[in-house]
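Me: Could you walk me through this model, one feature at a time? I would like to learn how to read each kind of contact.

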Amino acid sequence: MSYEYKVTEKFWENFYALSDSQKASVREKWKIFKDNPFDPILRSHKINVLSAYARHTIYSVVIEANLRVLFRIDENTITSLDVGTHNLYQ
């Protein structure tokens, strides 16, 4: 399936606050994500608590040990919502 990709302002704000090595990790995983957001390398998974709160399915991609990207899918559009540590889940 071909997706259109969008990114929120919150994502960009938190992305630019990351260290250079973390930004590089996000960029590396983005290359995989744009081809297949559920590639096993990304360990994409549903975040149940956030999904219930948002009333929409929210997924997380593992970038590094404690670095995640949250995203949602609406038909053929994927929106990257935020990037950061596990604190994103709260």
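Reply: Gladly! Let us begin with a salt bridge: the side chains of Lys-10 and Asp-82 meet in one, at 3.6 Å from N to O. Do keep in mind that this is a predicted model.

Me: Which parts of the chain does the pair of Lys-10 and Asp-82 link?

Reply: Distant ones. Lys-10 sits in helix α1 and Asp-82 in strand β5 (residues 77–84), with their positions 72 residues apart in the chain.

Me: Are Lys-10 and Asp-82 buried or exposed?

Reply: Lys-10 counts as partly exposed because its relative accessibility is 49%. Asp-82 has 6% relative accessibility, so it counts as buried.

Me: How many salt bridges are there by this rule?

Reply: The count comes to two. The other pair to look at is Asp-74 with Arg-72, whose side chains meet at 2.9 Å, N to O. Asp-74 is partly exposed, with a relative accessibility of 29%, and Arg-72 is partly exposed too, at 26%.

Me: Let us turn to the rings. What describes a pair of aromatic rings?

Reply: Two things: the distance of the centres and the angle of the planes. This structure holds 13 aromatic pairs. One of them joins Trp-12 and Tyr-16, and it is stacked, with 5.7 Å centre to centre and 25 degrees between the planes.

Me: Where do Trp-12 and Tyr-16 lie?

Reply: Both belong to helix α1 (residues 9–16), where they are four residues apart, about one turn of the helix. The general idea helps here: an α-helix has 3.6 residues a turn, so residues three or four places apart point the same way. As for accessibility, Trp-12 counts as partly exposed at 35%, while Tyr-16 counts as exposed at 54%.

Me: And what is the geometry of the rings of Phe-33 and Phe-71?

Reply: Their centres are 5.0 Å apart and their planes meet at 80 degrees, so this pair is edge-to-face. It links distant parts of the chain: Phe-33 is in helix α2 (residues 20–35) and Phe-71 in strand β4 (residues 67–74), 38 residues apart. Phe-33 is buried, at 5% relative accessible area, and Phe-71 is buried as well, at 0%.

Me: Which residues do ring pairs link into a cluster?

Reply: The cluster is made of Tyr-3, Tyr-5, Trp-30, Phe-33, Phe-38, Tyr-59 and Phe-71. You will recognise Phe-33 and Phe-71 from the edge-to-face pair.

Me: Now for helix α2 itself. How far apart are its end C-alpha atoms?

Reply: They are 24 Å apart. At 1.5 Å a residue, the 16 residues of α2 should span 22 Å, so the two values agree. The helix also has a kink of about 25 degrees, centred on Lys-29.

Me: Which residues of α2 are buried, and what do they pack against?

Reply: The buried residues are Lys-23, Ser-25, Val-26, Lys-29 and Phe-33. Notice that Lys-29, where the kink is centred, appears in that list. The buried residues of α2 pack against β1 (4–7), α1, β3 (58–64), β4 and β5.

Me: Could we finish with one residue of β5? What does Thr-79 touch?

Reply: Thr-79 lies in strand β5. Leaving aside residues up to four places away in sequence, Thr-79 touches Lys-6, Thr-8, Leu-70, Phe-71 and Arg-72. With a relative accessible area of 13%, Thr-79 is buried, because buried means under 20%. Among its contacts, Arg-72 is the salt-bridge partner of Asp-74.

Definitions and conventions:
Residues are numbered from 1 along each chain as its sequence is written. This is a predicted model: local features need pLDDT of at least 70, side-chain atom pairs count only at pLDDT 80 or more; totals for chains, interfaces and linings use all residues. Side-chain values use heavy atoms; hydrogens and water are left out. Rings of Phe, Tyr and Trp (its six-membered ring) pair if their centres lie within 6.5 Å; planes under 30 degrees apart count as stacked, over 60 as edge-to-face and the rest as tilted. Helices (H or I, at least four residues) and strands (E, at least two) are DSSP runs, numbered from the N terminus. Buried means under 20% relative accessible area, exposed over 50%, partly exposed in between (1.4 Å probe, protein chains only). A salt bridge is a side-chain nitrogen of Lys or Arg within 4 Å of a carboxyl oxygen of Asp or Glu. The expected span of a helix is 1.5 Å times one less than its number of residues. The bend at a residue is the angle between axes fitted to the seven residues ending there and the seven starting there. Contact means heavy atoms within 4.5 Å.
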